[in-house]
Amino acid sequence: MDEKSKKESEEISVRETPEDSSGKGGEGKELTSELREIRQQLEKKESEAKENYDRFLRQVAELENFKKRMAREKGEAIRYANENLMKDLLPVLDNLERAVDHAQEGGGNGKPLLEGVEMVLKGFLDVLNKYGLTQIPAKGESFDPEKHEAIARVESEAYEPNTVVEEHHKGYYLLDRLLRPSLVSVAKPPEAKEKKKEDGEVEKGGGDD
């Protein structure tokens, strides 16, 4: 290659280089822009993830605090469940103490003490009724094994058989639940009457034969 041709070749190379360089630079700028955008999106997602995690931790902490508070309140509710009942029984206790004090002073012939005790008993039953306690009727009622407990059978002409003739201690319902059955004695026919009835049945049976 002569000197002139070599020089022309170098000039052509010089003219083409900026164009090629400019093309590659454009691609680099586009890649850099994409990377920057991806990095920004990644940082945004990382920030959102951190906020969500912090929110999750706060909610977990709030839930634990709520559980502790509920357990504490439940414990206090169980421990002081009878608080209102105790408050309502205090006046009954006051009246009972007054009746005892009056009896110790020797006032009257015992009648004031009896009246005081009756008043206390009525007040006591009123308080218990307020909390759902009711007495089970027994004497004169037909025996009911679901609410009566028989400890004896007593001969009686005044009462029909299987009727409660005596109440040894009262039974109670708490709302609709049996708290304690009545302890009772139940009527049965007198032996003579029962024997006469049995003899009649025997004679009737013999006549049929």
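The exercises below, each with a worked solution, concern a predicted model of a protein chain.

**Exercise 1.** Describe the secondary-structure elements of the protein chain and the pattern they follow along the sequence.

*Solution.* Begin with the inventory, which gives four helices and six strands. Then read along the sequence, where these elements follow the pattern α-α-α-β-β-β-β-β-β-α.

**Exercise 2.** Decide how helix α2 and helix α3 are oriented where they pack, and state which kinds of residue form their contact.

*Solution.* Take the geometry as the starting point: α2 (residues 83–104) and α3 (residues 111–130) pack at an angle of about 175°, and their axes lie 9 Å apart. Angles over 145 degrees count as roughly antiparallel, and therefore α2 is roughly antiparallel to α3. Next, list the participants, which include Leu85, Leu89, Val92 and Leu96 of α2, and Leu113, Met119, Val120 and Phe124 of α3. Finally, sort the residues of this contact by character, which yields 12 nonpolar, four polar and two charged.

**Exercise 3.** Work out the strand order of the open sheet that three strands form, and identify its edges.

*Solution.* The order is β2-β6-β3, with mixed pairing. The edge strands are β2 (148–155) and β3 (164–169), since each of them pairs on one side only. From one strand to the next, the twist averages 25°. For the pair β2 and β6 (residues 182–188), seven bridges join the strands, which run parallel, and histidine 148 stands opposite serine 182 in β6.

**Exercise 4.** State what share of the protein chain counts as buried, and characterise its accessible surface.

*Solution.* Of the 209 residues, 12% count as buried. The accessible surface comes to about 17200 Å², and carbon and sulfur atoms account for 52% of that area.

Methods. Residues numbered from 1 in each chain as written. Predicted model: local features only at pLDDT ≥ 70, side-chain atom pairs only at ≥ 80, totals over all residues. Heavy atoms only, no water. Axes fitted to C-alpha atoms, helices over the stretch in contact; angles between N-to-C directions. Helix = DSSP H or I, 4+ residues; strand = E, 2+ residues; numbered from the N terminus. Parallel < 35°, antiparallel > 145°, perpendicular 65-115°, else oblique. Nonpolar A, V, L, I, M, F, W, Y, C, P; charged D, E, K, R; others polar. Buried < 20%, exposed > 50% of the residue type's maximum accessible area, 1.4 Å probe, protein only. Areas by Shrake-Rupley, 256 points an atom, 1.4 Å probe, with all protein chains shown as cover. Pairing = 2+ DSSP bridges.
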